[in-house]
Amino acid sequence: MSGTISGAAQLPPRLLPPIFLRPSGSAAVYSPAMVPGAESTDEELMLLYRDGDAGAFDVLYARHKGGVYRYLLRQCRDAASAEELFQDVWMNLIRARAGYTVQAKFTTYLYRLAHNRLIDHYRRHRHVAMISFDDEDREEIAELPDEREPPADDALDARRQAGRLLELIAALPEAQREAFLMQQEGGMSVEEIAQATGVTRETAKSRLRYAMARLRQGMRE
């Protein structure tokens, strides 16, 4: 279960960064010549954008829009809400650009913004904070299903497998689903997931581990 998750959650064409979101001033006027090369790191691009290079924002957005949108959609499970949250995350990044410094990987910074916006959404619409699942994280190791990959079932085509995986992801507890999506969509390590969600490394590791175990078990069933 590595790489981004395939499925129906494609980025709607209308979710593009409006021109007014770019910083104002002559130094930020977009020009194709200003677009950094593909070899630029996310952190370098964000520093360039902080300093007025609008083309750097375009590259960052192109790199991460799909993963962030799928993360939000599969967490809130409502397309309209996901679109609103998606725009808010990028708006929050733009508003905070002037104070940006490299203190962690850019993906950690970006998904921290997304995580915080999700928490606000949960509190506003469900009047509760995101559940911790600390008790569940303390399950005995012996109770975990065998995590070895099962042999491929030739009778089950790729489309059915993908559909089943998406169903299982949706059924995960919220905190476990978030850890899994951050790893799959954001390519984040356990340490980065912990930083983005404001928990300890052990808690993030436990959430991810139980999520993977549940998904593997579900796919076998």
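Axes are lines fitted to C-alpha atoms, for helices over the stretch in contact, and angles run from 0 to 180 degrees between N-to-C directions. The model used in these exercises is predicted.

**Exercise 1. Two helices that cross**

Find how α1 and α2 are placed relative to each other.

*Solution.*
Step 1. Locate the helices. Helix α1 covers residues 42-50, and helix α2 covers residues 54-76.
Step 2. Take the axes. Those of α1 and α2 come within 7 Å and cross at roughly 140 degrees.
Step 3. Classify the angle. Over 145 degrees would count as roughly antiparallel, and 65 to 115 as roughly perpendicular. The crossing is therefore oblique.
Step 4. Give the hand. α1 and α2 cross in a left-handed way.
Step 5. List the contact. α1 supplies Asp42, Leu45, Met46, Leu48 and Tyr49. α2 supplies Ala54, Ala56, Phe57, Val59, Leu60, Arg63 and His64.
Step 6. Sort by class. The contact has nine nonpolar, one polar and two charged residues.

**Exercise 2. A pair of side chains**

Decide whether Asp42 is buried or exposed, and do the same for His64. Then state what joins their side chains.

*Solution.*
Step 1. Place the residues. Asp42 lies in α1. His64 lies in α2.
Step 2. Apply the cut-off. Buried means under 20% relative accessible area. Asp42 has 13% relative accessibility, so Asp42 is buried. His64 has 11%, so His64 is buried too.
Step 3. Join them. A polar contact of 2.9 Å links the two side chains, that of Asp42 and that of His64.
Step 4. Look around, leaving aside neighbours within four places in sequence. Asp42 is in contact with Leu60, Arg63, His64, Phe106 and Thr107. His64 is in contact with Asp42, Trp90, Phe106, Thr107 and Leu110.
Step 5. Look along the chain. His64 and Glu185 are 121 residues apart, yet their C-alpha atoms are separated by 8.8 Å.

**Exercise 3. Another helix pair**

Describe the crossing of α7 and α8.

*Solution.*
Step 1. Locate the helices. α7 spans residues 174-186, and α8 spans residues 190-197.
Step 2. Take the axes. They come within 10 Å and cross at roughly 125 degrees.
Step 3. Classify the angle. α7 and α8 are therefore oblique to each other.
Step 4. Give the hand. The crossing of α7 with α8 is right-handed.
Step 5. List the contact. From α7 come Glu178, Ala179, Met182 and Gln183. From α8 come Ile193, Ala196 and Thr197.
Step 6. Sort by class. The contact of α7 with α8 holds four nonpolar, two polar and one charged.

How values were computed. Residues numbered from 1 in each chain as written. Predicted model: local features only at pLDDT ≥ 70, side-chain atom pairs only at ≥ 80, totals over all residues. Heavy atoms only, no water. Helix = DSSP H or I, 4+ residues; strand = E, 2+ residues; numbered from the N terminus. Buried < 20%, exposed > 50% of the residue type's maximum accessible area, 1.4 Å probe, protein only. Polar contact = N/O pair within 3.5 Å; in protein donor to acceptor, adjacent residues only side chain to side chain. Contact = heavy atoms within 4.5 Å. Parallel < 35°, antiparallel > 145°, perpendicular 65-115°, else oblique. Left-handed = near helix turned anticlockwise from the far one by under 90°. Nonpolar A, V, L, I, M, F, W, Y, C, P; charged D, E, K, R; others polar.
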